[in-house]
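Trainee: Please take me through this structure, beginning wherever you like.

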Amino acid sequence: MLNGIGREIPEYLDGYGRCKPYPSSETGTGGPGLAGCNEKGSHHGEKYRTDLKVLLDEIGIENGMTLSFHHHLRNGDHVMNVVLDAVEAMGATDIRVAASSVFPVHTSLARLIERGVVTQVRANYISGPVADLISSGKMKYPAVMYTHGGRARAIESGDLKIDVAFIAAPLCDKAGNISGADGPAACGTLGYAIPDAQYAKRVIAITDTLVSYPTPMTEISEMFVDYVLEIGCIGDPAGIVSGTTQITRDPIGLKIASLAADVIGHSGLLKEGMSFQTGAGGVSLAVAHFVSEKMKAGGIRGSFASGGITGYLVDMFEEGLFESLLDVQCFDHKAVRSFRDNREHQAMCASRYGNPHNKGCVVNQLDIMILGATEIDLDFNVNVTTGSDGRIMGGSGGHSDTAYGSKLAIVVTQLVKGRLPIVRERITTVTTPGESVDVLVTERGIAVNPNRPELKVLLEDAGLPVVDIRRLYEKACSLTGYPKDLETEAEIVAVVEYRDGSVIDVVRKV
């Protein structure tokens with residue numbers, strides 16, 4: 001047969017297969033095309049746009065579509081609200097929102113759920129008005145709550161199909177190369193947006209800072225971006241710092257942190273080349289402080305610290321306590337600046353961080369992980385999804401991923417909070433299974449999972465206050481009284497997925 005430029009080619013060759021004539025509808029321009037799972041068009045034309053409404057009309061937003069957003073601007077994000085306002089104005093209905101996380105700032109999403117325009121939310125973490133609406137049964141379909149690694153797995157496997165991904169881009173050029181390292185709304189690494197960019201059918205980079213081609217420190221390549229939209233403001237970087245990112249000064253919190261550091265010190269893992277991750281809460285950061293003192297005293301240098309990076313981990317890195325930082329999101333502005341300026345402060349995508357189905361993820365390289373808990377039961381199952389009142393107030397994020405992967409997963413918490421026992425016979429919602437949790441540290445003692453008898457012996461031999469978790473439960477109840485069982489309705493308002501996609505629990509209407 002003749003191809004498009006008049007050359008004779010065979011229809012089929014043994015060892016090669018069927019020949020596609022140049023040019024053809026299958027190859028588009030006749031070239032090899034972009035390898036990947038997303039449906040991309042050829043963009044020899046102009047990607048740059050300045051009118052969101054016109055662009056949405058051009059794309060063709062349809063009822064029932066799944067739109068995705070990332071949360072690196074956290075409670076300062078403007079992009080989700082701007083886009084959803086425009087989608088509502090178009091008259092679209094039955095919209096599914098796949099956001100890596102949802103914060104109180106996302107008022108448009110709350111309003112659209114109430115009006116029935118958005119019928120489902122899929123996210124790793126949900127707080128604020130959106131969480132309250134879902135908990136009250138005001139969304140048509142149950143929410144789906146992932147882990148950070150589980151969301152990446154769902155996108156890459158096709159379990160979560162994204163029609164259009166909207167990526168808040170602190171820096172971007174007209175071809176679509178994106179960086180979070182600089183600009184008025186610099187947020188640092190963009191790890192949670194990368195799977196969306198690679199696998200969504202259409203990808204729109206939304207920026208307020210256009211730079212010359214090519215964007216410096218590109219994290220998301222133009223290869224994956226269909227359109228670049230310039231708007232006035234993508235967000236307020238002050239909102240990145242949401243919640244506690246300072247070491248606690250509370251004496252009880254400091255006692256817990258000191259005990260947790262002692263657990264680490266006697267575990268056999270506090271040694272040259274160790275790896276470490278902690279959250280951004282006050283007690284967790286205090287653990288990092290006490291660990292850093294032990295590292296300095298022992299002349300220990302770790303290999304890496306990972307996760308969402310805080311300024312305190314940056315300080316440890318710059319003091320030479322770690323060789324590198326592996327960062328999936330920046331929790332404060334010191335972390336953003338460090339990512340921009342330090343070569344060994346490395347970005348990682350959500351899949352590399354915690355996807356259980358790839359060929360290796362960072363959580364599996366972790367030695368020590370410090371975790372929080374809303375509740376923990378006698379089997380060491382942990383809840384960080386709902387409050388004791390049953391209302392959604394967060395989600396796993398990296399909790400389940402890191403608990404599974406790390407050699408030593410330590411939960412740190414006060415025994416009683418707000419006159420409620422944290423250790424319970426049965427927790428409200430299971431986020432992380434107890435088989436992944438090794439130690440619970442409270443101000444009243446340390447409980448070791450029966451699955452780790454050798455660790456219990458090490459801690460007892462060191463003279464640490466090791467007690468059975470049931471004793472902690474009884475002590476908590478002696479202070480608060482035994483908690484009553486939570487009354488909920490039969491209606492399921494959210495499905496809690498474990499990192500592999502299996503359902504670990506459900507949340508019922510309060």
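**Rings, strands and a loop**

Mentor: Tyrosine 482 counts as exposed because its relative accessibility is 52%; the cut-offs are over 50% for exposed, under 20% for buried and in between for partly exposed, with a 1.4 Å probe and protein chains only. Please note that this is a predicted model, in which local features need pLDDT of at least 70 and side-chain atom pairs pLDDT 80 or more, whereas totals for chains, interfaces and linings use all residues. Residues are numbered from 1 along each chain as its sequence is written, and side-chain values use heavy atoms, without hydrogens or water.

Trainee: And tyrosine 473, buried or exposed?

Mentor: Tyrosine 473 counts as buried, because its relative accessibility is 5%.

Trainee: Turning to ring contacts, how many aromatic pairs are there?

Mentor: The count comes to four aromatic pairs, taking rings of Phe, Tyr and Trp (its six-membered ring) whose centres lie within 6.5 Å, with planes under 30 degrees apart called stacked, over 60 edge-to-face and the rest tilted. One of them joins phenylalanine 69 and phenylalanine 166, which are stacked with 5.4 Å from centre to centre and 15 degrees between the planes.

Trainee: Which parts of the chain does that pair tie together?

Mentor: Phenylalanine 69 belongs to strand 4 (residues 66–69) and phenylalanine 166 to strand 8 (residues 164–169), so the contact links parts 97 residues apart in sequence. Both phenylalanine 69 and phenylalanine 166 are buried. Strands (E, at least two residues) and helices (H or I, at least four) are DSSP runs numbered from the N terminus.

Trainee: Why is the pair of tyrosine 473 and tyrosine 482 edge-to-face?

Mentor: The ring planes of tyrosine 473 and tyrosine 482 stand at 65 degrees, with centres 6.0 Å apart, so the pair is edge-to-face. That pair has a buried member, tyrosine 473, and an exposed one, tyrosine 482.

Trainee: Let us change to sheets. What is the strand order in the ten-stranded one?

Mentor: The ten strands make an open sheet with mixed pairing, in the order 3-12-11-8-4-5-6-7-26-27; strands pair if DSSP finds at least two bridges between them. Strand 3 and strand 27 (503–508) are the edge strands, each pairing on one side only.

Trainee: How do strand 7 and strand 26 pair?

Mentor: Strand 7 (residues 143–145) and strand 26 (residues 492–497) run parallel and are joined over three bridges. Valine 144 has valine 495 of strand 26 as its bridge partner. The order of the sheet also sets strand 8 beside strand 4, and these two strands carry the stacked phenylalanine pair.

Trainee: What do strand 24 and strand 25 form?

Mentor: Strand 24 and strand 25 form a hairpin, with two residues between them. Strand 24 (residues 439–442) is antiparallel to strand 25, and four bridges join them. Within this hairpin, leucine 440 stands opposite alanine 447 of strand 25.

Trainee: Which residues lie on each side of strand 25?

Mentor: On strand 25 (residues 445–448), Gly445 and Ala447 lie on one side, and Ile446 and Val448 lie on the other. All four are buried, and both faces of the strand are covered.

Trainee: One last item: where does aspartate 51 lie?

Mentor: Aspartate 51 is in the loop between strand 3 (48–49) and helix 1 (52–59). Its relative accessibility is 38%, so aspartate 51 counts as partly exposed.

Trainee: How far is aspartate 51 from tyrosine 146?

Mentor: Their C-alpha atoms are separated by 33 Å, and aspartate 51 and tyrosine 146 are 95 residues apart along the chain.
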